[in-house]
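Biologist: Hi! Could you walk me through this structure in plain words?
Modeller: Happy to, let's take a look together.

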Amino acid sequence: MAIRYKYLSVYGSVFLLSACALAYEILLMRLFSIIHWHHFAYLVIGLALLGYGVSGTLVSLLQRLLVKQFNLFYPLSILLFAGSSLLCFKLAQQIPFNAEVILWDPQQIWYLVALFLLLAIPFFFAATAICLAFMGLQQSTAQIYAADLVGAGAGSVLIIVLLFWLFAQQILLLISIVALLAVVIALLPVQGALRYTGFGIVLLAGAWVFNAGLSLELKMSPYKALSQALQVTGAKVVEQRSSPLGLLTVVENDSVPFRYAPGLSLNAVQKTVPQLALFTDADGMTVISKFPSRRQQLSYLDFMTSALPYHLSDIKSVLIAAGGGGSDVLQALYHDIPAIDVLELNPQLIELVDENFGLYSGSLYSQKNIATHVEDVRDFLQGAKQKFQLIQMTLIDSASVSSSGLHALNESYLYTTQALQLYLDRLQPGGYLSLTRWISLPPRDTLKLLNSAVQTLRADGIEDAARRMVLIRSWQTSTLLIKNGFFQGDEIEHLLQFARQRSFDVAWFPGIEREQVNRYNRLASPIFFTAAQQILSGNSDFINNYKFDLMPATDDRPFFHFYFKWQTFRELFKLREQGGMPLMEWGYLILIATLLVSVLVSVLLILIPLWVFNNRGARFDPGLRQRDVVLYFFSIGLAFLMIEIAFMQKFILFLRHPIYSIAVTLTAFLVFAGSGSHVSQELARHFGKQRLLEISCLGLLFIGLLYLFMLGSVFETFSDQSLLVRGMISMVLIAPLAFFMGMPFPLALSNLAEHAEGYIPWAWGINGCASVISASLATLLAIHFGFNSVILLALLLYLFAVWFFPRVKTA
């Protein structure tokens with residue numbers, strides 16, 4: 001009975017610990033999105049893998065001691081996870097890491113290393129506890145494995161639910177408390193003084209965790225828009241909402257009122273209506289405007305470049321791709337558009353505008369001629385039967401992000417060639433696609449968007465793109481119009497009148513002359529006109545020789561904001577102290593720094609300890625080559641994470657937000673790879689290890705290649721389903737791939753256990769080292785070559801591993 005009690009205790013504590021560990025991993029991604037930016041998600045994955053890799057090395061080297069004192073070290077490891085998950089994050093916020101100055105402050109590299117190591121500590125303790133559970137109860141491996149996988153799956157689902165109800169820092173406290181409950185469960189079968197001492201320590205730890213958690217405040221980057229807004233006298237936060245889609249913060253300032261009208265013409269005389277600032281994840285500012293008593297009070301919205309299409313034709317229907325705080329909706333209302341469809345992915349944002357601030361905003365989204373849809377623009381248009389006279393996409397990115405170079409790693413499926421094709425297909429004959437962007441100098445965003453539109457039209461067999469586009473700019477924004485047809489003479493007249501009255505510069509229209517450009521917001525040269533002329537004429541040399549990458553983004557390579565070119569780096573580096581830093585796309589450079597740090601710390605903390613302390617008396621079979629062990633486990637370590645990262649990104653297109661994609665794909669890969677691992681030994685007895693490895697890798701190759709060709713069609717077919725249904729479909733799609741991916745590692749490991757157990761620590765260490773490196777490497781490769789290339793490389797690595805399967809060579 002006592003033995004059974006112990007086993008149940010381990011199953012329960014492993015379940016809770018695994019749930020907490022995966023929830024913590026996903027939560028760190030959300031926390032980094034708030035205090036830094038989204039692209040640090042790849043750092044978090046590397047942190048988790050580093051912690052697990054170092055743990056595998058330590059447990060392998062100290063196995064006898066740890067197993068002998070199982071009743072001490074098992075609950076202690078869980079206790080240390082509970083405390084460090086909160087403590088390490090608090091300490092990490094004190095590290096003065098500032099990615100913006102990393103190129104001229106070498107100390108920032110060491111801060112990055114410190115951040116990397118510090119946040120890997122909780123994962124190290126979680127992995128150590130789970131490893132000890134496997135070693136301490138070897139006869140119940142299947143049950144512990146099931147508890148581990150089910151717990152991880154539960155954690156990934158619960159974290160999404162909790163993010164709708166609690167703020168991220170509150171969930172961090174909850175994770176520590178649940179982990180302490182796991183310690184209590186682990187201590188229940190322990191006898192004597194150790195048990196009661198453990199309970200006492202848990203109570204003390206609980207008191208500290210509760211106090212530290214309640215006092216935890218997020219320390220946001222001073223370069224984020226919210227941090228800057230709160231520095232202004234009189235600014236105060238009046239409302240906050242949390243969800244997996246983002247932290248929404250509403251700021252009021254009666255002393256220095258917000259006046260948000262991007263690119264507003266200097267000729268405008270009407271003041272902006274009173275406004276409340278609205279931030280998503282402490283950035284991406286938009287505003288909730290006070291609904292006016294008279295329509296004329298909104299006339300300032302007609303002095304923005306985004307108002308252009310309303311002056312070229314009698315617009316009857318408009319689709320606004322991202323409603324946000326409602327500025328685009330108010331602009332459409334000002335122009336008396338009878339049918340306005342508004343898309344907004346975050347239902348909490350609509351609730352804020354319509355309910356919490358309904359009296360202030362006039363319940364904007366509930367106006368009689370406005371149809372509001374809680375959908376992504378691509379989902380909506382793929383399922384929509386109607387076509388629109390105008391599709392309006394205005395400043396979906398924030399100004400600070402657009403100009404800072406940190407969006408380089410931010411995948412965006414809004415501006416890919418496939419997305420543009422969809423938008424154009426949903427226009428009525430003579431309809432317009434309006435794309436308004438922030439202006440960056442030297443020009444990048446606007447020119448890349450123009451080139452993307454040209455390439456999209458040409459891919460559809462339309463060679464006369466120059467007759468279908470107009471481009472204007474103010475001092476801050478640009479608007480590109482693409483017409484489903486040719487621009488006519490009366491439209492050009494209206495365009496010139498609109499620009500002249502507002503002192504906007506025309507950069508392109510059919511028949512434009514050089515004398516008509518660069519008149520009001522003068523630049524040293526008419527670069528927008530010159531670039532548009534070259535792009536529309538199909539001059540590939542201009543694109544190739546331009547100092548920034550203007551190649552279109554695609555669904556396979558969805559990094560629209562990536563403009564970095566290595567041949568320009570030296571020139572920009574010399575200008576780093578004269579304002580050149582944002583031009584270097586430092587988000588991309590941070591990824592490279594993270595990759596280098598990953599290599600450094602994984603070698604130092606995983607491979608070197610193995611080399612120094614590995615048991616030299618362990619059994620080795622002279623017929624088994626060490627080279628095979630190294631190449632095999634390094635290859636499958638790289639390949640597994642490459643496929644996981646690539647599919648994590650691909651499923652963003654289907655699930656519409658990174659946090660949903662991460663939660664679903666992580667769960668699916670964990671559960672089904674674990675299932676494949678679990679049945680591999682039984683199948684190996686039937687097929688043989690070598691044969692089963694060949695079957696699994698060929699299965700991977702077949703499924704992987706099949707998905708490269710059919711996944712996009714599957715996404716389109718089920719795009720109109722609910723998020724829950726799409727999540728289930730995603731898991732079904734990942735299941736066979738992950739199942740086969742779960743076999744190569746245990747097959748080779750069991751072979752080592754039979755013939756060369758001394759290589760087992762090396763296998764764990766090399767695999768862990770490769771996994772840590774792969775998290776950053778996969779993203780870096782995807783930026784340059786696309787996610788399909790990453791998947792193909794991973795499939796080739798699995799085939800390469802078959803050749804080097806560590807088996808005993810016979811003479």
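Modeller: First, a term: buried means under 20% relative accessible area, exposed means over 50%, and partly exposed is in between, using a 1.4 Å probe and protein chains only. Helices (H or I, at least four residues) and strands (E, at least two) are DSSP runs, numbered from the N terminus. This is a predicted model, where local features need pLDDT of at least 70 and side-chain atom pairs count only at pLDDT 80 or more, while totals for chains, interfaces and linings use all residues. Residues are numbered from 1 along each chain as its sequence is written, and side-chain values use heavy atoms, with hydrogens and water left out.

Biologist: Thanks! How many residues of α17 are buried?
Modeller: 12 of its 15, so α17 is mostly covered. Among the buried ones are Asp445, Lys448 and Leu457.

Biologist: How far apart are the end C-alpha atoms of α17?
Modeller: They are 21 Å apart, which agrees with the span expected for residues 445–459 at 1.5 Å a residue. That expected span is 1.5 Å times one less than the number of residues.

Biologist: And what comes just after α17?
Modeller: Gly461, with a positive phi of about 85°. In the loop between β9 (427–438) and α17 sits Pro442, joined to Leu441 by a cis peptide bond with omega about -5°.

Biologist: Why point those out?
Modeller: Because most residues other than glycine have a negative phi, and most peptide bonds are trans.

Biologist: Which residue in the loop between β3 and β4 should I look at?
Modeller: Try Asp281. Its phi is positive, about 55°, although it is not a glycine. Asp281 is buried, at 13% relative accessible area.

Biologist: What about Arg656, buried or exposed?
Modeller: Arg656 counts as buried, at 12% relative accessibility. It lies in the loop between α24 (652–655) and α25, and its phi is near 75°.

Biologist: New topic: at what angle do α25 and α27 pack?
Modeller: About 35°, with their axes 7 Å apart. Axes are lines fitted to C-alpha atoms, for helices over the stretch in contact, and angles run from 0 to 180 degrees between N-to-C directions.

Biologist: Which residues meet there?
Modeller: Phe669 and Phe672 are among those in α25, and Met731 and Ile734 among those in α27.

Biologist: Last one: what is the average pLDDT?
Modeller: It is 86 for the protein chain, and 91% of the residues score at least 70. pLDDT is the predictor's confidence in each residue, from 0 to 100.

How values were computed
Contact means heavy atoms within 4.5 Å.
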